[in-house]
Amino acid sequence: MISGIINIKKEKGFTSHDVVAKMRGILRQKKIGHTGTLDPDATGVLPVCLGKATKLCDLIADWDKTYEAVLLLGRETDTEDTSGTILKEEEVKVDEQTICEIISSFVGDTMQIPPMYSAKKVKGKKLYELAREGIVIERKPCPITISSIEIKEVALPYVRFEVSCSKGTYIRSLCRDIGAKAGCGGCMASLIRTRVAAFHIEEAITLDELEKLRDDNNLDTCIRAIDTVFSEYPSLTALKEAERYLYNGNKIALRYCKNDSEWTGEGFCRVYDTDGHFIGIYQKEKQTDMIKPHKLFFDLP
């Protein structure tokens with residue numbers, strides 16, 4: 001079984017589940033999971049986890065992301081993007097400077113109402129399932145953080161911009177809210193996800209490219225090891241006499257570890273066995289000399 005993460009460049013027309021299904025066929029492996037839904041019309045970075053790395057799926061989905069979006073002013077739709085049914089169209093009266101100021105005003109912590117056409121669940125049912133039945137319900141605003149917005153091009157009624165944001169941010173809803181503040185409505189015309197944490201679009205590969213790498217026996221060139229996702233954490237190597245505790249998922253004393261990075265005991269650390277196998281992420285217990293597992297990724301030897 002292959003374990004690791006592949007940075008897939010999702011193409012238009014595929015759902016995230018489609019990508020996983022196709023990869024199961026390409027890699028002939030069932031244990032595969034994606035790290036966050038991208039709409040079928042959206043493209044870009046989709047980290048896909050294989051084998052032991054599937055434990056990372058929820059974790060990576062929580063990390064910050066960067067998108068390049070195109071906003072269309074003067075139109076509102078039921079899906080909040082141009083694929084939906086037009087609800088209202090209005091004349092765009094804002095000028096370039098004003099719309100740039102409005103867009104920039106969204107940087108920071110804010111509350112956002114999620115779109116009806118989303119995978120967010122309310123009382124156990126996904127919102128898009130309700131929307132397809134013609135049901136629109138009240139949604140509670142959710143806290144989000146917009147870290148930065150860079151306006152790339154203004155050609156009214158279109159505006160192209162790059163946005164870095166926290167988990168739970170809907171760029172379609174951001175376009176909706178920008179349009180509302182501009183007084184003419186707005187929706188999303190296109191979306192490319194350019195980054196998920198340390199996964200960038202420049203290194204992403206398409207499904208066709210993945211298939212060719214498989215045929216050429218070069219899959220290892222595109223599979224990122226699990227521990228590289230945690231490269232910012234200091235590393236410890238357990239001594240031989242402590243390995244049986246590691247393999248049983250137990251806590252171990254720091255005195256049974258070689259401190260490879262001068263770890264101070266703050267935050268998380270990576271732990272390896274004496275053969276260099278990545279065991280998992282650990283953290284120090286308060287007021288003791290023990291470190292306890294936070295998330296384990298090893299297979300029993």
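Which residue is the bridge partner of Gln-283 in β20? Keep that question in mind while you load the model, which is a predicted one.

**Stop 1: the sheet**

Select strands β15 to β20 as they appear in this order: β16-β20-β19-β18-β15-β17. They form an open sheet of 6 strands with mixed pairing. Look at the two ends. β16 and β17 (257–259) are the edge strands, and each pairs on one side only.

**Stop 2: β19 and β20**

Now select residues 278–284, strand β19. Add residues 290–296, strand β20. β19 and β20 run antiparallel and are joined by 5 bridges. Click Gln-283: its bridge partner in β20 is Lys-292. That settles the opening question.

Follow the chain through the hairpin of β19 and β20. There are 5 residues between the strands. Stop at Gln-287, which takes a positive phi near 65°.

**Stop 3: the β16 edge**

Stay on β20 and add residues 252–253, strand β16. β16 and β20 pair in the antiparallel sense, over 2 bridges. Pick Ile-252; its bridge partner in β20 is Ile-291.

**Stop 4: β15 and β18**

Move to residues 235–238, strand β15. Its pairing with β18 is parallel, over 3 bridges. Show Thr-237 and Tyr-272 together: Thr-237 stands opposite Tyr-272 in β18.

**Stop 5: Arg-270**

Remain in β18, residues 268–272, and select Arg-270. Is there a charge partner, and how far away is the nearest side chain of opposite charge? Arg-270 is buried yet has no salt bridge. The nearest side chain of opposite charge is Asp-227, 4.6 Å away. A salt bridge would need a side-chain nitrogen within 4 Å of a carboxyl oxygen.

Next, draw a distance from the Arg-270 side chain to the backbone oxygen of Phe-230. It reaches that oxygen at 3.3 Å.

Then show the surroundings. Leaving aside residues up to four places away in sequence, Arg-270 touches a set including Asp-227, Phe-230, Ser-231, Tyr-233 and Pro-234. Also among its contacts are Ser-235, Leu-236, Phe-278, Gly-280 and Ile-281.

**Stop 6: helix α3**

Leave the sheet and select residues 96–104, helix α3. Which of its residues are buried? They are Ile-99, Cys-100, Ile-102 and Ile-103. These residues lie on the same side of α3, because they cover an arc of only 160° around the axis.

Finally, display what they pack against. The buried residues of α3 pack against β4 (65–73), β10 (142–155) and β11 (158–165). They also pack against α5 (171–182).

Notes:
Residues numbered from 1 in each chain as written. Predicted model: local features only at pLDDT ≥ 70, side-chain atom pairs only at ≥ 80, totals over all residues. Heavy atoms only, no water. Buried < 20%, exposed > 50% of the residue type's maximum accessible area, 1.4 Å probe, protein only. Helix = DSSP H or I, 4+ residues; strand = E, 2+ residues; numbered from the N terminus. Arc of directions from axis to C-beta. Contact = heavy atoms within 4.5 Å. Pairing = 2+ DSSP bridges. Lys, Arg positive; Asp, Glu negative; His and termini not counted. Polar contact = N/O pair within 3.5 Å; in protein donor to acceptor, adjacent residues only side chain to side chain.
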